[in-house]
Amino acid sequence: MNDYSYEHFDLPVPEALQPNEASPWWNNKADNAWQLTATTMVCLQSVPGLVILYGSMVKKKWAVNSAFMAFYAFAVVLVCWVLWAHQMAFGSALIPLMGKPDVALTEKYLLEQSGDGKVPMADYVFFQFAFAAITVVLLAGSLLGRMNFYAWMIFVPLWLTFSYTIGAFTIWGGGFLEPYIIDYAGGFVIHLSSGVAGFTAAYWVGPRHSRDRHNFPPNNIIHMLGGAGFLWLGWTGFNGGSPLVAGPIAALAIVNTHLCAATSLLVWVSLDMIVYKKSSVIGAVQGMITGLVCITPGAGIVEPWGALLMGAMSGSIPWYTMMVLHRRLVFFQSVDDTLGVFHTHAVAGILGGLLSGLLAKPNLLTMMYGPDKHGPGLFYSLFNGQIEFGFKQFGYQIVGTAFITAWNAIVTSLICIFVSRLVNLRMNADDLEIGDDAAHGEEAYALWGDGEKLPKTPRLRIPPRIPSICCRLI
């Protein structure tokens, strides 16, 4: 092994790189700087990214409520994360499904070395918070336009605690599936979870007002594209920050991420043009999202040609489930998934997880996880004589899909039933007609005509009185 240390070349260590009390010997300043940058980019995906996207993608009368659901979730997840949820997801095991609840607030804990890289634990805590927050915000996309905000306030910490942390611990934090599942940056933990949980919660909350369900145009497509832009470019930090190292895997993950997203967008738009004879801006955004979701579980462990293939499939298969199957199957029609989160995140997340088990390259797996941690992708196992391990790895990916799907469907249902015993999950019929003004007493625009009720102007019943000047004329 080559020695590239300063001592090997008989060079002095630059003063800026020398360890001191503020920067211990284990702290890699480049990794630390990149991790803080990547974390900020992931946070920007939620605030303002999804806040803008939700606030502009819905009908005008729901703009404030939709944006505020995302804004609130981001805040409450951070508080819960440092008080107990981070340790449940990444702490010492309580049971094979979760870690022991504990705070992640002490100076000693936050400033020690992260177990997964040469950065402070504070970097890792905040990076994983950004993942947890965006998962809940993505889930909200299924519930826009009718969920009681008070029910949402209760639902978020409960779902974070009993659903998200379990998936994160099981696959990433040392749980029983961690040695087996390939999930580079959250295809299962984040996207499959949010898609299944959102669809399940949408069932329990109930549908939007009938007029909203049949007529729900975005109130500002230009702003919608702005929010989508935050989401797309923020994915640089999402997948680029997952190795916790500013190295080759991070660089490859970033290239693959944007390549897959661009390919998926083009395929989705092409299908819209072929079938509906028009290109759709909303369709382009959906295609972008499915591409980003699909590449997430394998961004740093597949080759660029694999990212192109994943983009082609993520632009076509979720398109088919959303634009064709959704309209034909009673199963989909019976649940009002406002923004189609099941298709863009659950379907695309499953697709990405399975394709990662097919296309994961052995040497990239070694660079990311270490030797002999995961079996090669099934495709590569056909050429290196390890076909048994390739099929085994693909089978593990199916097991991960089944576990995350079942856990989120069951636990989300139980949480919704519990919350419904405290407050109504759905706003009442009169408030559904009004929208933001009924929910928050605020409106996004000083305009009327979107189905809202005009306020009743109070009138004083005063008998007519003849002006004094007229009395003189009489």
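Which residue takes a positive phi just after α6? It is G206, where phi is about 100°, and I will start from that helix. Before I do, this is a predicted model, in which local features need pLDDT of at least 70 and side-chain atom pairs count only at pLDDT 80 or more, while totals for chains, interfaces and linings use all residues. Residues are numbered from 1 along each chain as its sequence is written, and side-chain values use heavy atoms, with hydrogens and water left out.

Helices here are DSSP runs of H or I, at least four residues, numbered from the N terminus. Helix α6 covers residues 187-205, and because the expected span is 1.5 Å times one less than the number of residues, its 19 residues should span 27 Å, which agrees with end C-alpha atoms 25 Å apart. Centred on S193 there is a kink of about 30° in α6, where the bend is the angle between axes fitted to the seven residues ending at a residue and the seven starting there. Of the 19 residues of α6, 17 are buried, so the helix is largely enclosed by the rest of the structure; buried means under 20% relative accessible area, exposed over 50% and partly exposed in between, with a 1.4 Å probe and protein chains only.

Let me turn to the loops. K277, in the loop between α9 and α10 (281-295), is not a glycine, yet its phi is positive at about 65°, and K277 is exposed, with a relative accessible area of 66%. D372, in the loop between α14 (362-369) and α15 (378-381), has a positive phi near 60°, and D372 is exposed as well, at 79%.

Conventions
Helix = DSSP H or I, 4+ residues; strand = E, 2+ residues; numbered from the N terminus.
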